[in-house]
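Here is a set of short questions and answers on one protein model. Keep the sequence and the 3D view open as you read.

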Amino acid sequence: MQPWSAPDVVRLPGQGRLPEVFDTSTLRQQPVGSSSSGSMYVCGITPYDATHMGHAATYLAFDLLYRAWLDAGVPVSYVQNVTDVDDPLLERATATGQDWTELATREIGLFHDDMTALRVLPPQHYEGVVESIPLIVSVVEQLQSAGVAYDVDGDLYFSAAAALDFGLVSHADRASMLALFAERGGDPERAGKKDPLDWLLWRGERPGEPSWPSPVGAGRPGWHVECTAIALRFLGATIDVQGGGNDLVFPHHEMCAAQAQAVTGQPFARAYVHAGMVGYDGEKMSKSRGNLVFVSKLRSAGVDPMAIRLALLAHHYRSDWEWTDADLSSATARLDAWRAAVARTAGPPADGVLAAVRSRLADDLDAVGAIAAIDAWVDASAGGAASDAMAPALVRSMADALLGVAL
């Protein structure tokens with residue numbers, strides 16, 4: 001599957017330092033990647049509805065990491081999946097009378113348009129589940145050979161009891177795991193399982209559902225094994241960053257890690273990095289609740305995508321926060337002020353601003369601090385400090401390369 005088009009990334013003078021991020025599994029901030037490589041797998045969309053602000057905030061967070069790596073001279077290997085066959089997609093297609101493949105294709109296209117407009121750097125490998133069925137089946141077969149998979153009435157499950165270090169990612173106790181598993185797509189009450197926390201690897205063929213022939217029987221993949229298989233294929237046994245929203249910590253990322261380790265014998269990721277949730281009207285923004293603010297609708301209403309991007313970046317990526325109209329108004333005013341400042345023929349010296357922006361982004365992707373550093377320069381410029389003819393161009397370039405904001 002082809003990703004969206006990539007924006008140009010301006011090369012800045014000098015070089016940033018290797019970024020540090022907060023690792024959910026160790027509960028501490030640590031450097032990620034190295035001078036020779038940075039590998040990242042970020043869980044992608046299930047394409048049954050348009051991109052809302054919660055989606056956009058998550059992908060912007062990892063876009064910041066990508067840009068910080070590039071600025072530090074790190075070659076980046078980035079993979080993202082698309083869950084283009086799964087229960088929520090099939091249910092939406094049935095409810096609306098649409099063909100599920102057509103629904104997925106349309107929503108993937110809209111997501112691409114939104115990411116392009118927001119100037120999010122695309123992954124090198126953008127892999128749909130449907131096209132990855134052979135990879136997924138291979139991993140399921142390896143899990144069978146390892147003795148960690150078993151059959152329940154034609155469906156294959158992973159035995160949680162066989163998972164090494166289970167709970168290392170989430171630090172959740174069993175009661176919390178059971179509650180989250182039930183809430184987030186699991187089936188703890190299913191009869192015939194050895195343990196309520198055992199999870200689906202392969203769903204046997206059902207009437208009226210899409211399925212594929214395979215050595216493990218006709219059917220389709222479970223959710224968690226899809227990401228494991230795609231990540232192992234394109235990034236190898238151990239990756240630098242497994243990323244997504246914090247609603248994926250458990251069960252998804254916990255279970256992805258367990259599967260990968262059962263196949264390779266190695267830890268799946270060196271760091272698990274999670275973005276916070278964006279709320280609206282007092283609740284987490286989600287498709288199930290219907291309390292959504294869509295990127296595409298704002299764009300159709302004439303909102304500058306760079307104002308949307310600035311509104312999202314004005315909140316630290318790990319924080320949970322609530323979208324309001326004031327976020328967009330403030331971001332639009334900031335964008336206008338920044339553009340006016342870089343359009344001037346001169347401004348205050350900006351070398352220190354570049355150093356500050358780099359420092360803030362290297363410190364757990366602190367876009368809020370980076371924006372404040374540029375705001376201070378803009379305020380000084382508006383106050384008449386204009387001694388450096390090169391400064392406006394440098395600020396324009398750093399906003400572009402490091403924050404992804406085109407001025």
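Q: Which helix holds Y66, and is Y66 buried or exposed?
A: This is a predicted model. Y66 has a relative accessible area of 8%. Buried means under 20%, so Y66 is buried. The helix that holds Y66 is α1.

Q: Which residues does Y66 contact, leaving aside neighbours within four places in sequence?
A: Sequence neighbours within four places are set aside here. The contacts of Y66 are then M40, V76, Y78, L121, P122 and Q124.

Q: What distance separates the C-alpha atoms of Y66 and S138?
A: Along the chain, Y66 and S138 are 72 residues apart. In space, their C-alpha atoms are separated by 30 Å.

Q: Which helix gives the most residues to the largest nonpolar core?
A: This core has 78 residues. W323, I374, M398 and L403 touch the most other members. The helix that gives the most, with eleven residues, spans 53–71: it is α1.

Q: How many residues make up the other core that lies apart from the largest one?
A: Its members include W100, V140, A160 and W212. This separate core has 34 residues.

Q: In what order do the strands of the parallel sheet run?
A: The sheet is open and has five strands. β5 (125–128) and β11 (269–275) each have a single partner strand, so they stand at the edges. From one strand to the next, the twist averages 20 degrees. The order is β5-β4-β3-β10-β11.

Q: Which residue of β10 stands opposite M40?
A: Strand β3 covers residues 38–42 and strand β10 covers residues 239–245. The two run parallel and are joined by three bridges. Opposite M40 stands V241.

Q: What angle does helix α7 make with β10?
A: Helix α7 (residues 249–264) packs on the parallel sheet. There α7 touches β10 and β11. Its direction and that of β10 make an angle of about 155 degrees.

Q: Which strands are the edges of the antiparallel four-stranded sheet?
A: This open sheet has the order β6-β7-β8-β9. Neighbouring strands are turned by 25 degrees against each other on average, direction ignored. Two strands pair on one side only: β6 (149–152) and β9 (219–221).

Q: What is the bridge partner of L156 in β8?
A: Strands β7 (residues 155–158) and β8 (residues 199–204) pair in the antiparallel sense. Three bridges link them. The partner of L156 is W202.

Q: Why do the buried residues of α2 lie on the same side of the helix?
A: Helix α2 covers residues 87–96. Its buried residues are L89, L90 and A93. They lie on the same side because they cover an arc of only 95 degrees around the axis.

Q: Which exposed residues are on the face of α2 turned away from its buried side?
A: The buried residues of α2 pack against α3 (100–117) and β9. The face turned away from that buried side carries exposed residues, E91 and A95.

Q: How many disulfides does the structure hold?
A: C227 has a relative accessibility of 1%, so C227 counts as buried. The nearest cysteine sulfur to that of C227 is that of C43, 3.9 Å away. A disulfide needs sulfur atoms within 2.5 Å, so C227 is in none. The search of the whole structure gives zero.

Q: Which cysteine sulfur is nearest to that of C256?
A: C256 is buried, with a relative accessible area of 0%. C256 is in no disulfide. The nearest cysteine sulfur is 4.9 Å away and belongs to C227.

Q: Which residues does S296 touch, not counting those up to four places away in sequence?
A: S296 is found in helix α8 (residues 295–300). S296 counts as buried because its relative accessibility is 11%. With sequence neighbours up to four places away not counted, S296 touches A50, L110 and D114.

Q: Which residue in the turn between β1 and β2 has a positive phi?
A: Strands β1 (residues 20–23) and β2 (residues 28–31) pair in the antiparallel sense over four bridges. In this pairing F22 stands opposite Q29. The two strands form a hairpin with four residues between them. The turn residue with a positive phi, about 60 degrees, is L27.

Notes: Residues numbered from 1 in each chain as written. Predicted model: local features only at pLDDT ≥ 70, side-chain atom pairs only at ≥ 80, totals over all residues. Heavy atoms only, no water. Pairing = 2+ DSSP bridges. Axes fitted to C-alpha atoms, helices over the stretch in contact; angles between N-to-C directions. Buried < 20%, exposed > 50% of the residue type's maximum accessible area, 1.4 Å probe, protein only. Core = buried A, V, L, I, M, F, W, Y, C linked by side-chain atoms within 4.5 Å. Contact = heavy atoms within 4.5 Å. Arc of directions from axis to C-beta.
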